[in-house]
Amino acid sequence: MKSGYFTFILHAHLPYVKHKEANRLEERWVFEAMTETYIPLLWALDRQPEGFTWSISFSPPVMEMLSDPVLQRRYLEYLDSTDHLIKKEKLRSLNQEETEVIRFYSDRYEKIRETFFKWNQNLLDGFKHHHKRGAVECFTTAATHAFLPYIQTHEALEAQVDMGIKTFNKYFGEMPKGFWLPECAYTPGVDKLLHQKGIKYTFVDEQTLLNSSPKAARGIGSPVFSPHGVALFPRNREISGKVWSSVDGYPGDTDYREFYRDIAYNRDIDYILPHIHPEGIRIDTGLKYHRITGPDEEKQVYVREWAEGKVQQHAEHFVQTLEHTLSEKEEESFPPHLITAPFDAELFGHWWFEGTDWILAVQEACKGRVEWVTPNEFINRHYQDLQTVHASFSTWGRNEYGEVWLNEKNAWMYRHLHKCEREMITAAATHSPMTPVTRRYIKQMIREWMLAVSSDWAFIVDNETAAQYANERFNTHIERFHIIKELLDQSPQDTASIEAFEQDFPFLNDIDTSYFETPHDQYIQQHHSTLSEPNKLKVLMLSWEFPPMVVGGLARHVFDLAKTLVKQGQEVHVVTCHVEGYPSYEVNQGIHVYRVQSNQPQTDQFFHWTGSLNLAIADQGRELAKKINFDCIHAHDWLVCVAATGLKHELNIPLIATIHATEHGRNNGIHNALQYEINQKEWELCYEASEVIVCSPYMKDEVATVFKVPEDKITILPNGVDPELIQTEEVTDGYRFKEPQEVLVFSVGRVVKEKGFQTIIDAAHLIRQKNQNIKFIIAGKGPMLDEYRNRVHHEGLGGIVTFSGFVSDEDRNRLLSECDIALFPSLYEPFGIVALEGMAAGKATVVSETGGLKDIVRHEETGLKIYPDNAESLAWAVLTLAQNEHLRHTLASNGKREAETVFNWNKIAQQTSALYEQCLQKNPV
Amino acid sequence: MVTEAGHWRQKTGVKKMINEIVKMKEKGLTLQQIAERMNLSIGKVQYRWNKYRQEAGKAMEPKSKKEGTVYVKPAEPSEIVVEPPKINWVMPYEFDEDTLFAMVQSPTSIFVYWSISAMKRKMVEHHFRTSWSDLPKKMKIYDVTDIIFQGHNSHRSFEIDLPEMTNNWFLQHLEPDRTYVIDIGTKTFDGSFFTVLRSNPVETPRDAANDHRSQNVLNWKNGNAYEPEWMENFSSYSYYQKIR
């Protein structure tokens, strides 16, 4: 006995070709496989010598078809017809040679019938019998033999794998230990699922191990473990080629039966008609009288004894080859060398007529010379010696990768298959919880997808031999899938309309829908059904800025508005830009906040950065709308214009836009291409919106003038201030930012030109001459910060004006508490929320007579107004207040009251809701 | 499976089926008997028979002693509902959805197919204020091997121009053992690439053994990695995946 092993594997698979109507040609595939392969394999098992075991995988379509009573009945009719033909043939036989062959067939078919009845017309029972007694180890493959690496979703992969395993369990009463990867197609990740399903081993092509990482130390002489612990047995190509090769393999021997010479093709049509297709299409009868003879057309009559002789010779040759290979690897141990030879089962008997006899002959010849082992037994003995490697995508097809199943001819199929996968998940989610009726529809969708996804169709289309049937079958199942889906979406009350579909292909009767009912979808269904209240307005709010991303006043505004709307009972979903370190979803003070990442978040062109962000925002909005019936969209500023417009048309709900500032106003006109594009987006947003909100009469004028928006479409809603956020307290513990005798003037804002901080520097010179006790602190950062600091330094204002840069909220509030005057000298300010914060903090507030600021403050009542960009005016206001403490207090308390009443978020949010309602009435959905 | 050439059935013509039914009906068989003989559902036979009678009109109904039957023109769908309701579903060229899926074909080739929803096309048109047909169509291929790709951090990338009316592509001459991400997009006015859709990452297989994954395999095997440090395929999909 040689050291080492041989393992022999067969894979029995046919696509599901049972049709409801009789006489479909493709059903003959099953009958021929039964007659020529499956039954002779049972004969081989009956006579198998002691101590030999091999393995066979049955695909679920084969299991289902072999167990199908209709096919069993049709098979008997097929046998009857063949018997009848044999009787006719006996009468017409021309010579002794032919008579011999006919007698051979006569005996053989008698035995075939006998075997068929022995197992009660279900051949699987025969294999099950030999499986139980340990003569053969049966296992299975994917539910419909899908090419697994080309499945898109994990859910569909699991359905293929698990339904295969379940079907095996149904027929064999136990779980399989092995799993045949259809087409030996492996890809990383598939092993994880196999392992989870309790699969111990599978088969790959030898290239898979030869190209592994790290390199498989034993090459193809031993299986390896995949990273998730499934043993991968490599097909030995050289050994397999002896049987498989059409050029120099055994089946091509001149004494073996010729496959292509069936009597169907050279009998009179009237004579043969009862035995071929009723429409007169000549198809194989299974009676083939010739031997291969040679390459010429002329064929000699088959001589069974000669063929049997060749079987013995080829078996001996094969065993010698095995011995030779094992001798070369004799020094290998831990584990000993293993030769793995997997084949399509139908190769034996059907293609190579004598192949099943050869298996038996090889076993006889191996006695005492070569040990056979099953993969399972090999693992049991040697698992501790197996290496673990990373294997990459590979198959046993042409050129070792995917090109047979993915090429110019069949690539179009995958768009449809993947669509089905997602639609099954969609159906399971949107029809949850399922009723018995809807479950049947979804089951039938799964069944149609299963039947469409067989690797056979892509294979046949590539092969071009039966492309018409493959295309027809594929198209039929895809089409029916979508018809069922449409029927399902009409909320059917009964199953009448799909019963015909169910009967047409009664495949996988107890198909499971749970693979497609994802835990996440189930959670959302339950969670959101309790959350949704009909009397709430559901607002989809879009803003590029949202805390913690604060660039200007926009973030605060959107946050405060949303928060107050929620407090008043509305449901607000804000979609905004991703911020590193912040969650993509959170509920913040009742606001649903979604932060989305665009595809190109670091592009240096700001305009296209916003474009990219808009696509991401719109995606998120569209996804949310799958579950949430939004009443309206509320967009803030041009940066979300594209998404807002897209969603408005997609969801068919009104759009409300708040214009916080305009490019025209910011730049005092439009001067370059970028400004032009931004101006366009602002214009478009105003155009697309049903209602435009602005914060001040000033902005209303601007929007009406610049964008030609009708005045009645514009609503003025001031910005609000949240007094709770301005945590000013009485200073009791001594000042941190000033001396007690000093008058502190505080300003805060982004350090950009339009905030007018340079006016403070100019005015400081004038103020210094009159009052040495006045001090300015300006908080905030921005592009002008360095320049202003330089000016302060060079102009000797160091002790008087301080640009503090960024300050924390805590310091900011402290500064507001300690200061005597709040000053906002902006050149352009659409609203000026900071001024309101000064007022709310109870400080005398000085603002420029510009933009929104001028509407917030009433001069000498709630604050003081100064001329923008005018140092004398600023100096006057500061000096006046510094010298008149009484005035300071009067203005401060009036301002505080104003801020708390007029600029009150509760009031503003109510007005905003009213505007939403008004839109809904104008644009009923 | 083993398949051979030459065994392809022409679909039984409707006309032939009707002829058969009519013949048997004339012989006095019931629809049930006809259904059994023809191995069809009773519903199907009844449907065809009713349709035939409607078409042929009263003149056809009585005992025509003619051999064979008159050619019956296919009828418009009638209101007799014994078959599933006729829903016209025609396999589309693509679906109105945003999808860009990449599939590996070999160590050097990847197949991608895509479709861009009408909504997204409109938004791109809106952003660029240019009609879709005037926008250049481009594809950008990124090598993102062992990188968490965020749109700008690939090892390398290259772009190709796409012809109009294209929704799939075979990419050739790639490198084995690399991970690629593919974008479909257009070009901004100053020539940079603007992404419209992004694919799943795909890994080209090795075409020779190497040690690239040895440490990763060891880490995983020894429980020193929380997740495998290589690309695993088959991501989960859920319908509400962007809702939390």
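Okay, one definition before anything else: I'm calling a residue buried if 20 or more other C-beta atoms lie within 10 Å of its own, with the C-beta atoms placed from the backbone. And keep in mind that this is a predicted model.

So, chain A. With that cut-off, 53% of its 925 residues come out buried. In terms of secondary structure, we've got 33 helices and 23 strands in chain A. Now the overall shape: the radius of gyration is 41 Å, and the globule rule for 925 residues gives 29 Å, so chain A is more spread out than a compact globule. You can see that in the C-alpha trace too, which spans about 135 × 65 × 45 Å along its principal axes.

What about the contacts inside chain A? If you take pairs at least 6 apart in sequence, 72% of those contacts join residues at least 24 apart.

There's also an annotation to look at. An unreviewed UniProt entry puts "domain: Glycosyl transferase family" at residues 740–897 of chain A. That stretch is 46% helix and 18% strand in our model, and its end C-alpha atoms sit 27 Å apart.

Right, on to the interface. Chain A puts 100 residues into the contact, and chain B puts in 74. Which parts of chain B supply at least two residues each to that side? Going along the chain, they're β1 (99–106), β2 (109–115), α4 (118–128), β7 (193–198) and α5 (214–221). The largest share is from α4(B), with 6 residues. And by class, the side of chain B that touches chain A has 34 nonpolar residues, 24 polar and 16 charged.

That's my bit, thanks.

Note on methods:
Residues are numbered from 1 along each chain as its sequence is written. Chains are lettered from A and ligands numbered from 1 in the order in which they are written. This is a predicted model: local features need pLDDT of at least 70, side-chain atom pairs count only at pLDDT 80 or more; totals for chains, interfaces and linings use all residues. UniProt positions are given in the numbering used here, feature names are shortened, and annotations may be inferred rather than shown by experiment. Helices (H or I, at least four residues) and strands (E, at least two) are DSSP runs, numbered from the N terminus. Two residues are in contact if their C-beta atoms, placed from the backbone, lie within 7 Å. Ala, Val, Leu, Ile, Met, Phe, Trp, Tyr, Cys and Pro count as nonpolar, Asp, Glu, Lys and Arg as charged, and the others, Gly among them, as polar. The radius of gyration is taken over C-alpha atoms; the globule rule is 2.2 Å times the number of residues to the power 0.38. A residue is buried if 20 or more other C-beta atoms lie within 10 Å of its own, exposed if 12 or fewer, and partly exposed in between; C-beta atoms are placed from the backbone.
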